[in-house]
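Work through the following exercises with the sequence and the model side by side, and try each task before reading its solution.

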Amino acid sequence: MQRAAATAAGRAAAAISRWTRRGGGTAISGLVAQTVAPQYVPDALNSLSSLVLVSGTNGKTTTTALIAAALRAAGHDVWTNPTGSNLERGVAAALIQRSAWHGGQRRERSAVGVFELDEWALASLLPRVRPTLVVLLNLFRDQLDRYGEIDTTAHAWREVIAGLPETTTVLANADDPLVTSVAQMHAGRVDWFGSDGPGEAAVLDPWADVRGCPRCGEPLAYDAVTFAHLGNWHCPVGDLTRPAPDVAITAVQTRGIDGLELTLATDGQHFQVEAPLPGLYSAYNVAAAVAAARALGIESAGALDAVIATGPAFGRAEVIESPQGEVVILLTKNPTSANQVLDLLAAEPERLDTLVLLNDGVADGEDVSWIWDVEFERLRTRRLTLGGRRAFDLEVRVKYAGVRPTEGDVDVVPGIAEPLDRALGRADGRLAVIATYTAMLAVRDVCVARGWATPYWTNA
């Protein structure tokens with residue numbers, strides 16, 4: 001009765017949210033359901049045939065979509081939260097859509113759950129569920145006003161990973177020393193993905209978040225750095241050593257916004273992959289998805305076929321056609337993701353027109369000082385428009401960075417719709433929109449209202 005009431009209340013909340021155009025109901029419906037039935041999520045997840053949880057600072061939504069695609073291609077019924085709503089309430093909202101009138105989930109005992117979770121939502125939920133596989137992607141500095149430093153998150157993760165049953169498999173990014181220190185707390189099976197090849201000079205970026213060994217504090221030594229603090233590392237006194245990846249990226253060639261080519265090595269086989277996902281960071285997402293499929297007993301070739309057929313998630317290099325040309329939306333959350341996006345645009349054969357939108361909502365992080373760790377000096381743009389609620393903060397930052405568009409001056413227009421119109425009016429065929437989370441949702445809302453795109457929750 002309690003679950004039935006929670007499901008009915010959650011569905012009503014979602015319908016009202018969409019009818020009043022307050023949102024897609026991807027959070028409020030779950031919040032309402034949890035209020036009525038506090039155990040709504042763990043009870044439902046523990047009834048599934050198997051459960052995969054994906055967490056990390058960057059790449060959760062894309063990696064979750066890729067794992068779900070590989071499982072579907074292998075014939076599994078997959079439940080997931082494709083809207084990117086990754087707090088426990090977001091998982092509840094996704095489960096509501098699978099619920100029967102009596103509150104139970106349809107065909108739950110034959111379904112596989114693949115859910116992304118916010119870093120702290122993982123720490124909260126993990127002791128209450130029995131996952132088959134936990135995927136740990138990375139830890140970067142993000143939303144300091146909400147999470148604090150990444151050492152705090154790593155400590156919380158270590159505690160819950162140490163408490164997992166040995167029947168759970170942990171899959172972790174070997175290139176991240178902090179994630180490695182977390183995964184090695186698990187008493188059961190641990191698989192690894194990472195890079196064995198790509199990388200440049202073994203010098204960390206100035207804004208890298210991890211410099212010392214997570215166990216002893218000694219400065220880490222790197223043979224190669226891919227980006228940020230990811231790479232082929234080791235503790236010089238031997239307290240922590242990078243594990244050998246079970247799925248390794250051995251070569252990467254980026255094609256700018258249009259995708260990437262990479263080579264993966266696993267179990268003595270090498271696979272050449274052309275993926276429609278852009279950026280070096282996407283290579284890690286692909287490797288994580290293939291490694292997850294491998295851990296779940298799916299052969300790598302089939303998993304890669306599914307990955308290749310899966311395009312970017314909404315707002316993550318999503319291309320929207322407007323009457324004035326293509327709008328490419330690139331989500332940025334923190335210095336690491338922003339700097340990778342700037343590298344992505346630098347790989348374009350010609351400079352693009354660029355719109356940068358900075359908001360300071362709770363979901364973005366109310367402290368926007370992180371933009372000073374974004375290397376806007378890397379930005380190569382034809383025309384540049386700055387918008388969002390903190391457009392003038394951006395103006396100061398790009399001024400100090402010495403950004404010089406090849407055509408025209410930097411245009412500063414607070415808000416969302418007006419700067420989008422201004423940028424599209426000046427653009428030539430393709431506009432790159434670099435946006436924080438709430439700004440990304442807002443610019444998509446504008447596109448939806450004009451008939452250029454569909455609401456992000458329609459395919460959930």
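**Exercise 1. A residue in a strand**

In which strand is Asp191 found? State also whether Asp191 is buried or exposed, and list its contacts beyond its neighbours in sequence.

Solution. Keep in mind throughout that this is a predicted model. Begin by locating the residue: Asp191 is found in strand E6, which covers residues 190-195. Next, consider its accessibility: the relative accessible area of Asp191 is 6%, and because buried means under 20%, Asp191 counts as buried. Finally, leave aside the neighbours within four places in sequence, and the residues in contact with Asp191 are Thr169, Val170, Leu171, Ala172, Asp246, Arg294 and Ala295.

**Exercise 2. One face of a helix**

Determine which residues of helix H11 are buried, how they are arranged around the helix axis, and which elements they pack against.

Solution. First find the helix, which runs over residues 300-308, and mark its buried residues, namely Ser300, Ala303, Leu304, Ala306 and Val307. Then look down the axis of H11: the buried residues fall within an arc of 160°, so they line one face of the helix. The third step is to ask what these buried residues pack against, and the answer is helix H4 (60-73), strand E10 (260-266), strand E11 (269-275) and helix H10 (280-295). To complete the picture, turn to the N-terminal end of H11, which is capped by Glu299, with a side-chain oxygen lying 3.0 Å from the backbone nitrogen of Ala301.

Repeat the reasoning for helix H2, residues 28-36, where the buried residues are Ser29, Gly30, Ala33 and Gln34. Viewed down the axis of H2, these residues fall within an arc of 130°, so they too line one face of their helix.

**Exercise 3. Positive phi in two loops**

For Ala228 and then for Asp267, give the value of phi, the loop that holds the residue, and its accessibility.

Solution. Start with Ala228, whose phi is near 50°, a positive value in a residue other than glycine. Ala228 is found in the loop between strand E7 (221-227) and strand E8 (230-234), and with a relative accessible area of 0% Ala228 is buried. Now take Asp267, for which phi is likewise near 50°, again a positive value in a residue other than glycine. The loop that holds Asp267 lies between E10 and E11, and the relative accessible area of Asp267 is 53%, which makes this residue exposed.

**Exercise 4. A threonine in strand E14**

Describe the surroundings of Thr354, beginning with its accessibility and ending with its polar contact.

Solution. Thr354 lies in strand E14 and is buried, with a relative accessible area of 2%. Not counting residues up to four places away in sequence, Thr354 touches Thr381, Arg383, Leu384, Thr385, Leu431, Ala432 and Ile434. Now examine Thr381 once more, since the side chain of Thr354 makes a polar contact with the side chain of Thr381 at 3.0 Å. As a last step, work out a separation: Thr354 and Gly90 are 264 residues apart in sequence, and their C-alpha atoms are 32 Å apart in space.

**Exercise 5. The largest cavity**

How many cavities of 30 Å³ or more are counted, and what lines the largest cavity?

Solution. The count comes to two cavities of 30 Å³ or more, and the largest cavity holds about 100 Å³ of space. There are 14 residues lining the largest cavity, and the closest to its centre are Thr332, Ala338, Val356, Phe376 and Ile434. Next, assign the lining to elements: helix H12 (335-346) and strand E14 (352-357) each supply at least two residues, and the largest share, three residues, comes from H12. Finally, sort the lining by class, which gives twelve nonpolar residues, two polar residues and no charged residues.

**Exercise 6. Sequence and space**

Find the C-alpha separation of Val412 and Val356, and the contacts of Val412.

Solution. Val412 is found in strand E16, residues 411-412. Although Val412 and Val356 are 56 residues apart along the chain, their C-alpha atoms are separated by 9.7 Å. Leaving aside neighbours within four places in sequence, Val412 is in contact with Leu386, Ala391, Phe392 and Glu395.

Note on methods:
Residues numbered from 1 in each chain as written. Predicted model: local features only at pLDDT ≥ 70, side-chain atom pairs only at ≥ 80, totals over all residues. Heavy atoms only, no water. Buried < 20%, exposed > 50% of the residue type's maximum accessible area, 1.4 Å probe, protein only. Helix = DSSP H or I, 4+ residues; strand = E, 2+ residues; numbered from the N terminus. Arc of directions from axis to C-beta. Contact = heavy atoms within 4.5 Å. Polar contact = N/O pair within 3.5 Å; in protein donor to acceptor, adjacent residues only side chain to side chain. 1 Å grid on protein atoms, 1.4 Å probe; cavity = no way out; pocket = protein on both sides within 12 Å on 5 of 7 lines; lining within 4 Å. Points joined across faces, edges and corners; volume = space filled by probe spheres on them. Nonpolar A, V, L, I, M, F, W, Y, C, P; charged D, E, K, R; others polar.
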